[in-house]
Amino acid sequence: MSTKPTTTDLEWTELDQRAVDTARVLAMDSVQKVGNGHPGTAMSLAPAAYTLFQKVMRHDPADAEWTGRDRFVLSAGHSSLTLYIQLYLAGFGLELDDLKAFRTWGSKTPGHPEYGHTVGVETTTGPLGQGVANAVGMAMATRYERGLFDPEAADGSSPFDHYIYAIAGDGCLQEGISSEASSLAGHQKLGNLILLWDDNHISIEGDTETAVSEDTLKRYEAYGWHVQRVAPKEDGDLDPAALYAAIQAAKAVTDKPSFIAMRSIIAWPAPNAQNTEAAHGSALGDEEVAATKRVLGFDPEQTFEVSDEVLAHTRKALDRGREAKAEWEKGFAAWRTANSERAAEFDRVAAGELPEGWEEKLPAFETGKGVATRAASGKVLQALGAVIPELWGGSADLAGSNNTTIDKTSSFLPADNPLPEAHPYGRTIHYGIREHSMAAEMNGIALHGNTRIYGGTFLVFSDYMRNAVRLSALMHLPVTYVWTHDSIGLGEDGPTHQPVEHLASLRAIPGLNVVRPADANETAIAWREILKRYTKEFGKGAPHGLALTRQGVPTYERNEDAAKGGYVLFEADGGEPQVVLIGTGSEVQLAVEAREQLQAAGVATRVVSMPCVEWFEAQDQGYRDSVLPPSVKARVAVEAGIGLTWHRFVGDAGRIVSLEHFGASADGKVLFREFGFTADHVAAAARESIDAAQR
């Protein structure tokens, strides 16, 4: 099979034009019915979206998750109708009633596209620029997947070759995340990525002259992209023939991502609303909708008008999809016959299963020895990398500090990169100092499927990533964030680099599991549990953030209950505990030392390590009560960050040893002492809590 273009000629009939104009009518009517939304961009983009879905992309509306499909990302997610209408016309499962229910409770057509909610939506978009970075991640994943299963195939001949198409607006390209991602895409020479820019010159505040005067095409050319501009037709409408030719030219360039600028007029051809900021985010109004329908040759008295002839024409996409998939399956069958071992590996990966015996490769760490959890994580990654080929990732230029280099001899870089370890199918990704786009690219990689992705930086820089991390959680994506240097313990770099509020802030994101292991053995169990939770037996996935120490911490006996998120690390001597000490990460050792003091004074003290609050709260009530007995009101939680997480665990009589202010520049041990993170302070807090519980 070949993914290379065969012709630049576009077959375009009156029915095609009528279908495009029908899309415009549906966009107006959908927004008008609900009373709010973004009609203008969906109207002006109708020719481009129709051309992609009906004339360009390889997809099967009857099987929206077909491995060989092209992917489409609507980065300009506010124009969700651009996508919904094409999904309806092509037969992906949406029907007219779904468009009539646009932006209403329980509908399949929410205000912005949501992955997993609407068939055919490849990613959740809305926060501008995220989709651009998602598309870059998908293009990266396509190349890595090809390297796993069909690396020797000639360009364009593999069943794993496909294209990533994205539509972005002015707002997407103004957001810094798209600049980060586009720079990396050019550096990586992602020739399977085609980005269409809706250059309509309008944003919410009016003409984009209010904010932008750069030459965007030159910017993308400087990034290393192949750039083209598509001129509109004389009447101002997008020109499908010119766009189609530009896409075919882009597909012919295999060593660069492609950027196509499409000059459009927002809300075209509305007589009064076109080219206005009002058309961006407001219903056009009954009179303007009626006037526009007259211009397009539709009955102004009808709403949601779709002729049987038009729908029959556009639903031929189902026939074309079935034929395209059948043709692809011939090539896929030939590949399977010629590559039986790789085919078995593909089946395993596609099924979401891990290799047999992979858990046996997890390292075990000697008790008592001080090991930084970031170092332990690095050893786990290198051990698992040898047996889980789909596991890959890297760092935002901090690999040596994050310990995220899974293979030092293999870097994911284009073939002509001068570095000796460069390989187009390499294991280690160099994201560059681009934390925000790294997170969104990881989302794109996870969405693409068939690989397992991680990425690292310092915990304090998770602030740069937060919007993409939130979307990871919203989409239930199996991505792993490796956040090291997790407290004031990192030392002399000072308060700019010392996370204080970050653990509590990240735990506040619904669906994100924050894992802060106490030692090396907990770190190995954490990685094991994360990978197991990314298998299909767990159903919907969830992103994980590993918060890891820079400094060494004592290593305790391995306890399998760490996978439950919270467990009894040391039991009270002398009967029922009088007090429970709860710790995470590097502060668990303080709880252990405080327990020794308290036990020596005759106070029965239990130490609970709680590496993951979310995992612990998912356990049944019986288990949770066995770890934190309701009868024991005296409790102390200790964590070198703000204490917001811990109030619900310690109760009214409890005490929290926390950090409610920024850090300082000094050795980590000095900071722990000066800010009260000592065994003496924890023991004193325990006595206070015991007194409070007895009142």
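Which residues of H13 are buried? They are Ala-317, Gly-321, Lys-325, Trp-328, Phe-332 and Trp-335, where buried means under 20% relative accessible area, exposed means over 50%, and partly exposed lies in between (1.4 Å probe, protein chains only).

The model is predicted: local features need pLDDT of at least 70, side-chain atom pairs count only at pLDDT 80 or more, and totals for chains, interfaces and linings use all residues. Residues are numbered from 1 along each chain as its sequence is written, and side-chain values use heavy atoms, with hydrogens and water left out.

**Helices H13 and H7**

Helices (H or I, at least four residues) and strands (E, at least two) are DSSP runs, numbered from the N terminus. H13 covers residues 316–338, and its 23 residues should span 33 Å at 1.5 Å a residue; the end C-alpha atoms are 34 Å apart, which agrees. The expected span is 1.5 Å times one less than the number of residues. The buried residues of H13 pack against H2, H3, H5, H12 and H14; contact here means heavy atoms within 4.5 Å.

Helix H7 (residues 176–188) has 13 residues and reaches 19 Å from its first C-alpha to its last, close to the 18 Å expected at 1.5 Å a residue. Its buried residues are Ile-177, Ser-178, Ala-181, Ser-182, Leu-184, Ala-185, Gly-186 and Gln-188. An α-helix has 3.6 residues a turn, so residues three or four places apart point the same way. Lys-189 follows H7 and has a positive phi, near 55°.

**Two helix crossings**

Two packed helices are described by the angle between their axes and the distance between the axes. Axes are lines fitted to C-alpha atoms, for helices over the stretch in contact, and angles run from 0 to 180 degrees between N-to-C directions.

The axes of H5 (residues 130–149) and H17 (residues 435–448) come within 6 Å and cross at roughly 55°. H5 is therefore oblique to H17; angles under 35 degrees count as roughly parallel, over 145 as roughly antiparallel, 65 to 115 as roughly perpendicular and the rest as oblique. The crossing of H5 and H17 is right-handed. A crossing is right-handed if the near helix is turned clockwise from the far one by less than a right angle, and left-handed if anticlockwise. On the H5 side the contact includes Gln-130, Ala-133, Gly-137, Ala-141 and Glu-145, and on the H17 side it includes His-436, Ala-440, Gly-444 and His-448. The residues of this contact between H5 and H17 divide into eight nonpolar, nine polar and two charged. Nonpolar covers Ala, Val, Leu, Ile, Met, Phe, Trp, Tyr, Cys and Pro; charged covers Asp, Glu, Lys and Arg; the others, Gly among them, are polar.

H2 (residues 39–56) and H9 (residues 240–252) have axes that come within 10 Å and cross at roughly 55°. That makes H2 oblique to H9, and the crossing is right-handed. Pro-47, Ala-48, Thr-51, Leu-52, Lys-55 and Val-56 of H2 meet Pro-240, Leu-243, Tyr-244 and Ile-247 of H9. The contact of H2 with H9 divides into eight nonpolar residues, one polar and one charged.

**Buried residues within helices**

The table gives three residues with the helix of each and its relative accessibility.

| Residue | Helix | Relative accessibility |
|---|---|---|
| Thr-523 | H20 (residues 520–533) | 0%, buried |
| Ala-343 | H14 (residues 340–350) | 4%, buried |
| Gln-86 | H3 (residues 80–90) | 1%, buried |

Neighbours up to four places away in sequence are left out of the contacts that follow. Thr-523 is in contact with Thr-373, Ala-376, Ser-377, Pro-517 and Leu-548. Gln-86 touches Ala-23, Ala-46, Ala-49, Tyr-50 and Phe-53. Ala-343 is in contact with Trp-335 and Arg-336, and Trp-335 is one of the buried residues of H13. Ala-343 and Ala-333 are ten residues apart in sequence and 9.6 Å apart in space, C-alpha to C-alpha.

**Loop backbone**

Trp-268 and Pro-269 are joined by a cis peptide bond, with omega about 5°. Pro-269 sits in the loop between strand S7 (258–263) and helix H10 (278–281).

Phe-304, a residue other than glycine, has a positive phi near 55°. Phe-304 is in the loop between helix H11 (286–296) and helix H12 (308–314), and at 7% relative accessibility it counts as buried. Asn-403 also has a positive phi, near 55°, and is in the loop between helix H16 (399–402) and strand S10 (411–412). Asn-403 is partly exposed, with a relative accessible area of 24%.
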